[in-house]
Amino acid sequence: MHFIIEQMKPEDWEQVLEIYYHGMETRNATFEMNEPDWKSWEDWDRDHLPQCRLIFREGEKILGWASLLPISAREAYQGVAEVSIYLHKDAMGKGIGTKLMQALIEASEEAGIWTLQSEIFPENTGSLKLHEKMGFRKVGLREKIGQMEDGRWRDVMLVERRSQRVGCE
């Protein structure tokens, strides 16, 4: 497989959104079921950290993407970010998530991020295994933390990874 991991660009938006919709269809990747909160590149661009937006590309096809969202605007939390990672349904089980997550971790540390966190539905065992493999630890189960658009309450497992390079002083 010839692939490249690179910074996401506005022209990648259609494929990025398509992959997100695949995640929505599983009902185990996001609370959203019908329409994402961000409907345009501009909406998405505003919410995500600019230096940590990666795509996994094979030829012209994007097979996965990862990005970071700040968890707070407060200065004390400037080095803490939430991970979003989504894979195309045809890319599952091929090691793409591992490569993409490793690149995201490296980019986050270059950007001064010391803690990465994710909130994952317990049913999303593939994502939980990926995060564990990449050094994330389970912090705890957040019970009925959010409600799906259909009214169903969902738990999420909070996981985090502390950098061994950034914020160690």
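Guide: In this predicted model, helices are DSSP runs of H or I with at least four residues, strands are runs of E with at least two, and both are numbered from the N terminus.

Visitor: What phi does glycine 135 take, just after α4?

Guide: Helix α4 spans residues 125–133, and glycine 135 comes just after this helix. The phi of glycine 135 is positive, with a value of about 95°.

Visitor: Within what arc do the buried residues of α4 fall, seen down its axis?

Guide: Buried here requires a relative accessible area under 20%, and in α4 that applies to Ser127, Leu128, Leu130 and His131. Viewed down the helix axis, these buried residues are gathered on one side, so they line one face of α4, within an arc of 160°.

Visitor: Which residues are exposed on the other side of α4?

Guide: Exposed is the term for a relative accessible area over 50%. While the buried residues of α4 are covered by elements including β4 (80–87), α3 (96–110), β5 (115–120) and β7 (153–162), the other side of the helix carries exposed residues, namely Lys129, Glu132 and Lys133.

Visitor: Which residue forms a salt bridge with glutamate 119?

Guide: A search of the whole structure finds 13 salt bridges, and in the one that involves glutamate 119 the closest N and O atoms are 2.4 Å apart. Glutamate 119 lies in strand β5 and its partner in strand β6 (residues 137–147), so the pair ties together parts 23 residues apart in sequence. Glutamate 119 counts as partly exposed at 32% relative accessibility, and the partner, also partly exposed at 33%, is arginine 142.

Visitor: How many residues apart are aspartate 90 and lysine 61?

Guide: Aspartate 90 and lysine 61 form a salt bridge whose closest N and O atoms are 3.7 Å apart. Aspartate 90 is partly exposed, with a relative accessible area of 44%, and lysine 61 is likewise partly exposed, at 36%. The pair links distant parts of the chain, since aspartate 90 sits in the loop between β4 and α3 and lysine 61 in strand β3 (residues 61–70), a separation of 29 residues.

Visitor: Which residues are linked with Lys9 in a network of salt bridges?

Guide: Lysine 9 is partly exposed, with a relative accessible area of 32%. One salt bridge of lysine 9 is formed with glutamate 6, where the closest N and O atoms are 3.5 Å apart. The network that holds Lys9 also includes Glu6, Asp12 and Arg57.

Conventions. Residues numbered from 1 in each chain as written. Predicted model: local features only at pLDDT ≥ 70, side-chain atom pairs only at ≥ 80, totals over all residues. Heavy atoms only, no water. Buried < 20%, exposed > 50% of the residue type's maximum accessible area, 1.4 Å probe, protein only. Arc of directions from axis to C-beta. Contact = heavy atoms within 4.5 Å. Salt bridge = Lys/Arg side-chain N within 4 Å of Asp/Glu carboxyl O.
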